[in-house]
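Work through the following exercises with the sequence and the model side by side. Try each task before reading its solution.

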Amino acid sequence: MNLTYDERIAQQIATYAETINMHDLPDVFHVWSDSYLRPALEEVFGTSSIDEAYAFGYLDAKVKGRGRILSIGSGDGEVEIRVAKALLKHGITDFTIVCSDVSPILIERNKAAVQRDGLEQYFEPVVSDLNKIDIPGRFDMIMANHSLHHIQELEYLFDYSFERLTENGVFITNDMIGRNGHMRWPEAKVFVDLIWPLLSDTQKIHTQLRRFNEKFIDHDCSLGGDDFEGIRAQDILPLILQRFMPHKFICSGGIIDLFVDRGFGHGFDRGNESDMALIHLIAGINDVLLDAGVITPTWTMASFTKNDRGQKYYRTRTAELAVRKADPSWLRYHKF
C-alpha cells in the first residue's frame, strides 16, 4: 500500500513514540567505531567524541555575543543536551540551542529532559516540519544529527540553511550519505556478496526485519512506509557541496556498516575472537577500497562553511571524492 505524505509523517511520529532509546547499537558497532572512526575524528576534529565535535563546530563559528544553534531533527534532544554540556564544560555559556522536530511527542520529551537537567536557559524546543522549515532568525551553527536522510525537500532545507547561517557560521552533520534506502551501490555489493558465505547462519539474520538471508538481500529502507528512511541519502553530500565549502570532513562505510549496524550487527559477539577477526577483515577491506576510490562512503561527520577556509580531511578522503560520480567501468567487465 502506498501511503500519502501525511500518512507517512503520522507513521514516523507513531514509530518513535514507542521508542525509548533511538540510539541503541550492537556492541560490535562500538568495536568498529573505536578502531576505525575514532582515529579520524581525533585527527580532523580534535576529539573522539561526536558531541564534542559539534561543540567545537560552534567554536569554529567565531561567535560574538550570545550565539544561536539550530538543530534540524533533534528528536528527544538527547544529543543536543550532551552538546550543551560539552560547551559548558569548555566554559561556553552564552548560547541557545533551538531544537526542531516534526514530532510534538519528542519535543515534549525534549522539554522534560532539559528541565530535568536544569538547562532550560540554553534551549528552545520547536515543533517544525523539516521539509517546510521556516524558523525565524539567524544561526551561528546549524547541526543535523542523523536527520538529513529522513528529509525529502533537501534543496529547500539547504537553501534555508545557507540563508539563515551567519557569515562565519558552520553547518555540521553526522549522517548517512550512501545509496538511497541505505542500499549498496553495485561496486560495494560485489564485495558484500563475496563476504556473505563467510557468515554463520546467526550472522545472516536481519534483526530489525526478523528475516534470514541465505543470500544477501539488498533491502530498500525507503520503501514500505519505513518513516522516510534513507529517502534521499545519496543526494545529501552533492547538494551540500553545491552551496557550502567543506571545512572538516571524515567519512567511512560502504561495506562494513552493513555488518556492524542494527540489522546484522547483533549476530556478532564482541567476545568471540573469530567474530572480531572477521569484522576487522571486512573493515580493513573497506578502508583499502575507500582509499583507492573503488567504493564511496555511506557515512560522514563533516562541517561546512559559506566561505573557503580550507578543508581538513582524513587520509585521501576529501568531500569531493566522497561523491559517487557514476557506475565504475570495471563492473561492466566482471561476472560475479
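**Exercise 1.** How many residues line the second largest pocket, and which of them lie nearest its centre?

*Solution.* This is a predicted model, in which local features need a pLDDT of at least 70 and side-chain atom pairs count only at 80 or more, while totals for chains, interfaces and linings use all residues. Residues are numbered from 1 along each chain as its sequence is written, and side-chain values use heavy atoms, with hydrogens and water left out. A pocket is an open set of points on a 1 Å grid over the protein atoms alone, where a 1.4 Å probe fits and protein lies on both sides within 12 Å along at least five of seven lines, and a lining residue has an atom within 4 Å of a point. By this rule the second largest pocket is lined by 21 residues, and Gly293, Val294, Ile295, Thr296 and Leu321 lie nearest its centre. The largest share of the lining, three residues, comes from helix H10 (residues 273-292), where a helix is a DSSP run of H or I with at least four residues, a strand is a run of E with at least two, and both are numbered from the N terminus.

**Exercise 2.** Describe helix H2 and find which core takes residues from it.

*Solution.* Begin with the axis: H2 (residues 27-45) bends by about 45° at Ser33, the bend being the angle between axes fitted to the seven residues ending there and the seven starting there. Next, look for buried residues (under 20% relative accessible area with a 1.4 Å probe, protein chains only; exposed is over 50%, partly exposed in between); among those of H2 are Phe29, Trp32, Leu37 and Phe45. Finally, turn to the largest nonpolar core, a set of buried Ala, Val, Leu, Ile, Met, Phe, Trp, Tyr and Cys residues joined through side-chain atoms within 4.5 Å. Of its 62 residues, Phe123, Ile250, Ile255, Phe259 and Met301 touch the most other members, and the largest share of this core, 10 residues, comes from H2.

**Exercise 3.** Is Phe212 buried or partly exposed, and which residues does it contact beyond its neighbours within four places in sequence?

*Solution.* Phe212, found in strand E7 (residues 211-212), has a relative accessible area of 39% and is therefore partly exposed. Leaving aside neighbours within four places in sequence, Phe212 is in contact (heavy atoms within 4.5 Å) with Asp201, Lys204 and Ile205.
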